[in-house]
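Me: I have a new model open and would like to talk it through with you. Could you start from whatever catches your eye?

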Amino acid sequence: ARNMSLDYAFLPFDSLGSAHKISLAFRFANTKEENAAVRDAYMSPNLLINDPGAEKFMPEIKGVKLSSDPYQGYLAQAQIYAELKNYAGAAAKCRAAIALLPVNDARRTYLLERQGWLALKERNLPRAKQFYIDAIQSAKKQRYADRVVINAYCGLAYSMEHAGDILAAVLNYNHALELTAKANIAKEIEKALKRLRALDK
């Protein structure tokens, strides 16, 4: 596992015989540098308002690969289930992956946001809304904002819009707009806001 190591040593002591030494170490927290690297590696590139489909559900997974890392294995399985449109199966693999992570691991935010996407695919707006809220809260606890957080705000806005809460949808799209520095993403969010403002008249 990522935060665990097991070491073994054989220690000869001449006439005194020998000894076997086994040590197990577990690290409970990632450093800020590690979390930053994780966020860079696992940023989801697809905004909900410009959804490219299940083939891009977990774009860091390139085909099916055998891995000794259980976390990577669960992600690969989640991608396969998503492509098969078995969204419940994909969500189960996301839950299995997140259970392996420390509470302050940046990848938790990513997996929460992805589960929001899956819930929307299952047309479960309340569940999607809660996952997006949880993703945003997770990011706030770690005091960072990246593409995953923008996706979460857009997903929450989309959920609110389809639940009939236009004001909350506008608020969350605006949060996403404040966080993005990319012109093409800002343009898509502005389109969504323009549509919502027309509905609110």
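**Loops, core and salt bridges**

Reply: I would start with Arg143, which counts as exposed at 78% relative accessibility. This is a predicted model, and in it Arg143 lies in the loop between H5 and H6.

Me: What is the phi of Arg143 like?

Reply: Arg143 has a positive phi of about 60°, although it is not a glycine. As background, most residues other than glycine have a negative phi. Arg123 also has a positive phi of about 60° without being a glycine.

Me: And where does Arg123 lie, and is it buried or exposed?

Reply: Arg123 lies in the loop between H4 and H5, and it is exposed, with a relative accessible area of 77%.

Me: OK, switching to the inside. How many residues does the largest nonpolar core have?

Reply: The largest nonpolar core has 51 residues, and those with the most contacts inside it are Phe57, Met58, Leu111, Leu118, Tyr173 and Ile189. Helices H2 (70-83), H3 (87-98), H4 (107-121), H5 (125-142), H6 (147-162), H7 (166-179) and H8 (183-199) each supply at least two residues of this core.

Me: Which helix gives the largest share?

Reply: The largest share comes from H6, with 9 residues.

Me: What is Met58 in contact with, leaving aside its neighbours in sequence?

Reply: Once the neighbours within four places in sequence are left aside, Met58 is in contact with Leu75, Ala78, Gln79, Cys94, Tyr110, Leu111 and Arg114. Of these contacts, Cys94 is itself buried, with a relative accessible area of 1%, and Arg114 is buried as well, with a relative accessible area of 0%.

Me: Since cysteine came up, how many disulfides does the structure hold?

Reply: The structure holds 0 disulfides. Besides Cys94, Cys154 is a buried cysteine, with a relative accessible area of 0%.

Me: Back to Arg114. Which side chain does it meet in a salt bridge?

Reply: The side chain of Arg114 meets that of Glu113 in a salt bridge, at 2.8 Å from N to O. Glu113 counts as buried at 2% relative accessibility, and Arg114, at 0%, is buried too.

Me: How many salt bridges are there in the whole structure?

Reply: A search of the whole structure finds 4 salt bridges. Another one of them joins the side chains of Glu161 and Arg195, at 2.7 Å from N to O. Glu161 lies in helix H6 and Arg195 in helix H8, so this pair ties together parts that are 34 residues apart in sequence. Glu161 counts as buried at 13% relative accessibility, whereas Arg195 is partly exposed, with a relative accessible area of 38%.

Me: Which residue does Glu188 pair with?

Reply: Glu188 forms a salt bridge with Lys191, and the closest N and O atoms are 3.7 Å apart. The two residues are 3 apart in helix H8, which means that they are separated by about one helical turn. Glu188 counts as partly exposed at 23% relative accessibility, and Lys191 counts as partly exposed at 47%.

Me: H8 keeps coming back, then. Which of its residues are buried?

Reply: The buried residues of H8 are Ile185, Ala186, Ile189, Ala192, Leu193 and Leu196. They cover an arc of only 125° around the axis, which puts them on the same side of H8. On the other side of H8, Ala183, Asn184, Lys187, Lys194 and Ala198 are exposed.

Me: What do the buried ones pack against?

Reply: The buried residues of H8 pack against H6 and H7. Ile189, for instance, counts as buried at 0% relative accessibility, and its C-alpha is 6.5 Å in space from that of Leu177, although the two are 12 residues apart in sequence.

Me: How far apart are the end C-alpha atoms of H8?

Reply: They are 24 Å apart, which agrees with the 24 Å that the 17 residues of H8 should span at 1.5 Å a residue.

Me: One last residue, Asn172. Where is it, and is it buried or exposed?

Reply: Asn172 is in helix H7, and it is buried, with a relative accessible area of 8%. Leaving aside the neighbours within four places in sequence, Asn172 is in contact with Tyr153, Leu156, Ala157 and Met160.

Definitions and conventions. Residues numbered from 1 in each chain as written. Predicted model: local features only at pLDDT ≥ 70, side-chain atom pairs only at ≥ 80, totals over all residues. Heavy atoms only, no water. Core = buried A, V, L, I, M, F, W, Y, C linked by side-chain atoms within 4.5 Å. Buried < 20%, exposed > 50% of the residue type's maximum accessible area, 1.4 Å probe, protein only. Helix = DSSP H or I, 4+ residues; strand = E, 2+ residues; numbered from the N terminus. Contact = heavy atoms within 4.5 Å. Disulfide = S-S within 2.5 Å. Expected span 1.5 Å × (residues − 1). Arc of directions from axis to C-beta.
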